[in-house]
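I opened a fresh notebook page for this one and wrote down what I looked up, step by step. Come along and follow the entries with the model beside you.

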Amino acid sequence: MKDIYIINTHSHANMLKETNIDEAMANASSNNIVTMVPSSTGEDIFEVDKFISKYPDTYGYLGVFPEEVKTFTDKTLSDMELIIKKNKKIVGIGEIGLDYYWDKTYKELQKEVFIKQIEFANQMNLPLNIHSRESHYDTLEILKKYNKNSTAILHCFSGSLEFAKECIKENIYIALGGVVTFKNAVKAKEVAAKIPIEYLLLETDDPYLAPVPFRGKENQPMYVKYVAECIAKLRNTTIEEIARATTNNAMRIFNFNAE
Ligand code: NI
């Protein structure tokens, strides 16, 4: 593996619309940025498989997103298992989790599908990339109860510093993206400034949530640099130090040193 500058642990680069995907991936790659792409539905696990096979310096997660739980069928886990066995670039299960913001009617189904995918990740010995929105304590409770051996990452972390510390006690990693650069994101800035650096990861969650100075525009994988730069300022250190520490954390989680 070539020298990595930053590992972007969550990017929907396959969903870019206004940005040319080939160019966005080439730019990320030439800046030594590695991009990790999650799936959202029981169908687009195949799309992630294709996407990461096409672009260098990309890896993938397979999983069904809480808002898409109705696409999770009996076949989904066996489809995932086949892809994992064939494609060595699948490095985790995600994005999976709970979202009580958009739709509360499927809470029980969300929990059931979340638990099934945690157990599957445990069986495959793969890390978890987790989406949690307005569901912080249910997410933590389920992880404590059902997760045996998979390292968990809370992507686009939106909780308080206190909640971040509770997660870290459980060896859960905190991934921060563009929100941290927003002027009014007091909580996210506090988390970015104060959590132990050993538990910090970077991401973009593009095409959404572009960091300042691109706020409101379409986000893309390379903009993870602006997230790193902002966190460096908040922690009174250099972007190189943030890049180095978060890359080491990701390499540890995804076992990249073994390659
Ligand atoms: Ni996402």
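**Entry: charges over rings**

I began with Arg215, which lies over the face of Phe182 at 3.6 Å from the ring centre. A note to myself before going on: this is a predicted model. I then found Arg133 over the face of Tyr101, also noted at 3.6 Å from the ring centre.

**Entry: aromatic pairs**

How many aromatic pairs does the structure hold? I noted ten of them. To describe a pair of aromatic rings, I need the distance of the centres and the angle of the planes. I took Tyr223 and Tyr226 as one of the pairs and wrote down 5.9 Å centre to centre and 80° between the planes, which makes the pair edge-to-face. I also checked how much of each residue can be reached from outside. Tyr223 counts as buried because its relative accessibility is 11%, under the 20% cut-off. Tyr226 has a relative accessible area of 28%, so I put it down as partly exposed. I also marked one aromatic cluster, formed by Tyr59, Tyr61, Phe254 and Phe256.

**Entry: the nickel ion**

Which residues coordinate the nickel ion? I listed His10 and His12, each through NE2, then Glu95 through OE and Asp205 through OD, at 2.1 to 2.4 Å. In sequence, these donor residues follow the spacing H-x1-H-x82-E-x109-D. The pair of His12 and Glu95 links distant parts of the chain, with their positions 83 residues apart in the numbering. I located His12 in the loop between strand S1 (6-8) and helix H1 (21-30), and Glu95 in strand S4 (residues 90-99).

Are His12 and Glu95 buried or exposed? His12 counts as buried, at 3% relative accessibility. Glu95 is buried too, with a relative accessible area of 3%.

I then looked at the angles among the four donor atoms, which run from 84 to 172°. Why is the site called irregular? A tetrahedral site would need all angles between 85 and 135 degrees, and this range goes outside those limits, so that label is ruled out. I entered the site of the nickel ion as irregular.

**Entry: Asn129, a residue with many contacts listed**

I found Asn129 in strand S5 (residues 128-133). Asn129 is buried, with a relative accessible area of 0%. Leaving out residues up to four places away in sequence, I listed what Asn129 touches: Thr9, His10, Tyr61, Ile93, Gly94, Glu95, Ile96, Ile153 and His155. Two names here were already on my page, since His10 and Glu95 are among the residues that coordinate the nickel ion. Tyr61 was there as well, as a member of the aromatic cluster. For a pair further off, I looked up Asn129 and Pro56: they are 73 residues apart in sequence and 21 Å apart in space, C-alpha to C-alpha.

**Entry: helix H6**

Which residues of H6 are buried? I wrote down Leu161, Phe163, Ala164, Cys167 and Ile168. Seen down the axis of H6, these fall within an arc of 160°, so they line one face of the helix. The face turned away from the buried side carries the exposed residues Glu162 and Lys169. What covers the buried residues includes helix H5 (136-146), strand S6 (152-154), S7 and H7. Asn171 follows H6, and its phi is positive, near 65°.

**Entry: helix H7**

In H7 (residues 186-194), I found Ala188, Val191 and Ala192 buried. Their arc, viewed down the axis of H7, is 100°, so they line one face of the helix. A reminder for the margin: an α-helix has 3.6 residues a turn, so residues three or four places apart point the same way. On the other side of H7, I marked Val186 and Lys194 as exposed. The cover over the buried residues of H7 includes helix H6 (161-169), strand S7 (173-176) and helix H8 (224-234).

**Entry: two last look-ups**

I placed Asp103 in the loop between S4 and helix H4 (107-124). Asp103 touches Glu67 and Gln110, not counting residues up to four places away in sequence. The C-alpha atoms of Asp103 and Glu67 are 7.4 Å apart, although 36 residues separate them along the chain.

Finally, I turned to Ala26 in helix H1. Ala26 is partly exposed, because its relative accessible area of 43% is neither under 20% nor over 50%.

Conventions
Residues are numbered from 1 along each chain as its sequence is written. This is a predicted model: local features need pLDDT of at least 70, side-chain atom pairs count only at pLDDT 80 or more; totals for chains, interfaces and linings use all residues. Side-chain values use heavy atoms; hydrogens and water are left out. Donors are N, O and S atoms within 2.8 Å of the metal (3.2 Å for Na, K and Ca); water is not among the atoms, so sites may look incomplete. Four donors count as tetrahedral if all angles lie between 85 and 135 degrees; four count as square planar and six as octahedral if opposite donors are over 155 degrees apart and all others between 65 and 115; anything else is irregular. Helices (H or I, at least four residues) and strands (E, at least two) are DSSP runs, numbered from the N terminus. Buried means under 20% relative accessible area, exposed over 50%, partly exposed in between (1.4 Å probe, protein chains only). Rings of Phe, Tyr and Trp (its six-membered ring) pair if their centres lie within 6.5 Å; planes under 30 degrees apart count as stacked, over 60 as edge-to-face and the rest as tilted. A charge sits over a ring if NZ of Lys or CZ of Arg is within 6 Å of the ring centre and within 35 degrees of the ring normal. Contact means heavy atoms within 4.5 Å. The arc is that of the directions from the helix axis to the C-beta atoms.
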